[in-house]
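Good morning, and thank you for coming. I would like to walk you through one structure, beginning with its sheet and ending with the contact between chains. Please look at the display as I speak.

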Amino acid sequence: MPTSTPLSAAVRLACFSFIIIGLVSFVFHQTKNKIIDNEREALLQSLQSVLPKTLYDNIPSEDLITLKNHTIYRAYQKDTPVAAIIKSTTTQGYSGNIQLLTALDITGTILDVRILDHKETPGLGDKIELKKSNWILGFQHKTLAEMQQAQWAVKRDQGSFDQFTGATITPRAVVNEVKKIGLFFQQYKLQIFPQLK
Amino acid sequence: MTYQQILENGLWKNNQALVALLGLCPLLAVSNTVINSLALGIATTLTLILSNGCISLARKTILPEIRLPLFVLIIAGTVTMIELLMHAYFYQLYKTLGIFIPLIVTNCAIIGRAEVFASKNKFIPSLLDGLAMGLGFSFVLVILGGVREILSSGRLFSQAELLFGNYAKNWQTIIVDDYSGLLLAALPAGSFIALGLLIALKNSLSNA
């Protein structure tokens, strides 16, 4: 290795930094559009998993508002509000945050719920995923009135929703979060869809 | 060192996962399925080849005093580029591996090879060393992934489409029908135990 002075060390360090930064930014610019496309495609697919494409004619992934830390995607059919898809996060799971997507029609009835992301125990709490079990489909067609009843809880809490063997905390967290979202939608419906006034 | 010795070292004698015990964090965390393992193995191997190559080419201009920051710079740059490329072209896989792609930076095996091999050897042997070390690490990852996937779910090659595209959708093989699953194998503790057994196996084969 060559002899060194502090100055030559600094110059070399700077040169290397410039080369590496140049390479990284080149790759960044080459992949930028593709990455944005991927993100958009993934969002669209997750929205379509809770709300069938046939129900609306706008692009909900681009018609979004943020209200009280929730991201809300709005779906319209011929400019009439049809449904809202609300993305929310609960911290009440067994480990880490559970992120979910809830679609509600304008009467506040749940269309469907999906889990976007979670870190629950594999084999126990992860049955909230549609890939692992059909449990999450149990929220379909539940009305606002049902959410306000005492049975809106897991069986352990004298409710009507199944819990999983060995995992009560996870389904409890999801059940409570869905109810919270249902009530939230009812409360802020006119802010989400001002046309309904 | 001859090319054959370099290969032998990377794959077996000085295997980074089984002998040097480097890079255990991603090894233990990601090896829950064969496909995840394979993906992380490929990304790590690519990083090793690229960083070894760059460092070997630049070895005459790298001063001893600043070699560590330069290694870190080169490795971090390489990993960032690989992360961007995966984000763009293997999106689902990128989502599955998540934080463990950027964390390849912290895999000590990579800076270890830069310090021990690439900064002292010519370009071609350094590339080969990166390849051999990467393959050695990957094969341990894949074996661990396979064992854990079978024990935890009774299947093999699930979600192969993440890595190989849509025509790989039916690659999943059910090894045990109607298997209730061994939770331990899916958890990090299970990978510790499986890795321990693998190391024991390797040692008994080497000493035999």
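**A sheet, a helix and a partner chain**

Let me begin with a single pair of strands in this predicted model. In chain A, strand β3, residues 80–90, and strand β4, residues 98–105, run antiparallel and are joined by 8 bridges. Two positions illustrate this pairing: Thr90(A) faces Ile98(A) in β4(A), and Ala83(A) stands opposite Asp105(A) in that strand. As a general point, strands of a sheet pair through backbone hydrogen bonds, in either a parallel or an antiparallel manner.

On to the next pair. β2(A) and β3(A) also run antiparallel, with 7 bridges between them. Here Thr71(A) has Lys87(A) in β3(A) as its bridge partner. The hairpin of these two strands leaves 2 residues between them, and Lys78(A) there adopts a positive phi near 50 degrees.

We may now view the whole sheet. It is an open sheet of 5 strands in chain A, ordered β1-β2-β3-β4-β5, with antiparallel pairing. At its edges lie β1 (64–67) and β5 (110–117) of chain A, each of which pairs on one side only. On average, neighbouring strands are turned by 25 degrees against each other, direction ignored.

What lies across these strands? Helix α1 of chain A, residues 6–50, lies across β2, β3, β4 and β5, and runs at about 140 degrees to β5(A).

Finally, the partner chain. In chain A, 21 residues are in contact with 22 residues of chain B. The side of chain A that touches chain B comprises 14 nonpolar, 5 polar and 2 charged residues.

Terms used:
Residues numbered from 1 in each chain as written. Chains lettered and ligands numbered in written order. Predicted model: local features only at pLDDT ≥ 70, side-chain atom pairs only at ≥ 80, totals over all residues. Pairing = 2+ DSSP bridges. Helix = DSSP H or I, 4+ residues; strand = E, 2+ residues; numbered from the N terminus. Axes fitted to C-alpha atoms, helices over the stretch in contact; angles between N-to-C directions. Contact = placed C-beta atoms within 7 Å. Nonpolar A, V, L, I, M, F, W, Y, C, P; charged D, E, K, R; others polar.
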